[in-house]
Amino acid sequence: MMALISDRLLRHPNTDVRISVMSCICEVLRISSPHQPYENERMKVKCCIILLDIGCDSLVTKIFEVLLSTIKFNHPQAVFSYMEDIMTWLLDESDDIPLGLLKPILASVQKENQITSPVSSWLGESIKELLN
């Protein structure tokens, strides 16, 4: 586990490497925890908050960008709920909301996006309300 949390890996210039490291850390935590505080799905979602603790603002912004750009009408309600949970937890746990994080949220609620991707806009609106 110590090898996974080294600065060399957590601050690696390649985003895919940092995401893989976080995925490994989440799995190690999930497997090694004798008393999981959440069911498996919630544990994986809640572990996204670790990104805030290790200062990976760019990854948090990337999560918002990916979630807001990939949600579709044909996704089950549970997928929408998990996406909303992830973003809500990340915003709630953030001491300071990075400017870069506001860009994907605001982009999702722009008038043109409301027409081209109404589900993304709807998700962005629900997250934007947390900022008020």
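Q: Where is the place of Ile-49?

A: In this predicted model, Ile-49 sits in the loop between α3 (40–46) and α4 (50–53).

Q: What makes Ile-49 count as buried?

A: The cut-off for buried is under 20% relative accessible area. Ile-49 has 13% relative accessibility, so it counts as buried.

Q: And which residues does Ile-49 touch, leaving out those up to four places away in sequence?

A: Those are Trp-89, Leu-90 and Glu-93. There's also a C-alpha to C-alpha distance to go with that: Ile-49 and Asp-92 are 9.7 Å apart in space, with their positions 43 residues apart in sequence.

Q: How many helices and strands are there in the protein?

A: Nine helices and zero strands. Read along the sequence, the pattern is just α-α-α-α-α-α-α-α-α. As for burial, 36% of the 132 residues count as buried.

Q: What share of the contacts with a separation of 6 or more comes from residues 24 or more positions apart?

A: That share is 57%.

Q: Why is Cys-26 called buried?

A: Buried needs a relative accessible area under 20%. Cys-26 has 14%, so the label applies. This residue belongs to helix α2 (residues 15–32). Its C-alpha is 8.9 Å from that of Ile-50, a residue 24 places away along the chain.

Q: Where is Thr-61 found, and which residues does it touch beyond four places away in sequence?

A: Thr-61 is found in helix α5 (residues 57–70). Not counting residues up to four places away, Thr-61 touches Gly-100, Leu-101 and Pro-104.

Q: How do you know that Thr-61 is buried?

A: Set its value against the cut-off: Thr-61 has a relative accessible area of 11%, and buried means under 20%. So Thr-61 is buried. Other buried residues of α5 include Leu-59, Val-60, Phe-64, Leu-67 and Leu-68.

Q: How does the reach of α5 compare with what is expected at 1.5 Å a residue?

A: Helix α5 has 14 residues and spans 20 Å from first C-alpha to last, close to the expected 20 Å. For α9 (residues 118–131), the story reads alike: 14 residues, a reach of 20 Å, and again close to the 20 Å expected.

Q: What describes a pair of packed helices?

A: The angle between their axes, plus the distance between the axes.

Q: Then at what angle do the axes of α5 and α6 cross, and within what distance do they come?

A: They cross at roughly 150° and come within 11 Å. Over 145 degrees counts as roughly antiparallel, so α5 is roughly antiparallel to α6. The crossing of α5 past α6 is left-handed.

Q: Which residues meet where α5 packs on α6?

A: From α5 you have Val-60, Ile-63, Phe-64, Leu-67, Leu-68 and Thr-70, and from α6 Met-83, Ile-86, Met-87, Leu-90 and Leu-91. By class, this contact has ten nonpolar residues, one polar and no charged.

Q: What makes α6 roughly parallel to α9?

A: Helix α6 (residues 77–93) packs against α9 at about 30°, with the axes 10 Å apart. Angles under 35 degrees count as roughly parallel, so that is the name this pair gets. Here α6 passes α9 in a right-handed crossing.

Q: Which residues make the contact of α6 with α9?

A: On the α6 side, Phe-80, Met-83, Glu-84, Met-87, Thr-88 and Leu-91 take part; on the α9 side, Val-119, Trp-122, Leu-123, Ser-126, Ile-127, Leu-130 and Leu-131. They divide into ten nonpolar, two polar and one charged.

Q: Why is α5 called oblique to α9?

A: Their axes come within 7 Å and cross at roughly 135°. Roughly antiparallel would need over 145 degrees, and roughly perpendicular runs from 65 to 115. The crossing fits neither, so α5 is oblique to α9.

Q: And which residues of α5 and α9 meet?

A: Phe-64, Leu-67 and Leu-68 in α5 meet Ser-120, Leu-123, Gly-124 and Ile-127 in α9. The split is five nonpolar, two polar and no charged.

Q: Which residues of α9 are buried?

A: Val-119, Ser-120, Ser-121, Leu-123, Gly-124, Ser-126 and Ile-127.

Methods
Residues are numbered from 1 along each chain as its sequence is written. This is a predicted model: local features need pLDDT of at least 70, side-chain atom pairs count only at pLDDT 80 or more; totals for chains, interfaces and linings use all residues. Side-chain values use heavy atoms; hydrogens and water are left out. Helices (H or I, at least four residues) and strands (E, at least two) are DSSP runs, numbered from the N terminus. The expected span of a helix is 1.5 Å times one less than its number of residues. Buried means under 20% relative accessible area, exposed over 50%, partly exposed in between (1.4 Å probe, protein chains only). Contact means heavy atoms within 4.5 Å. Axes are lines fitted to C-alpha atoms, for helices over the stretch in contact, and angles run from 0 to 180 degrees between N-to-C directions. A crossing is left-handed if the near helix is turned anticlockwise from the far one by less than a right angle, and right-handed if clockwise. Ala, Val, Leu, Ile, Met, Phe, Trp, Tyr, Cys and Pro count as nonpolar, Asp, Glu, Lys and Arg as charged, and the others, Gly among them, as polar.
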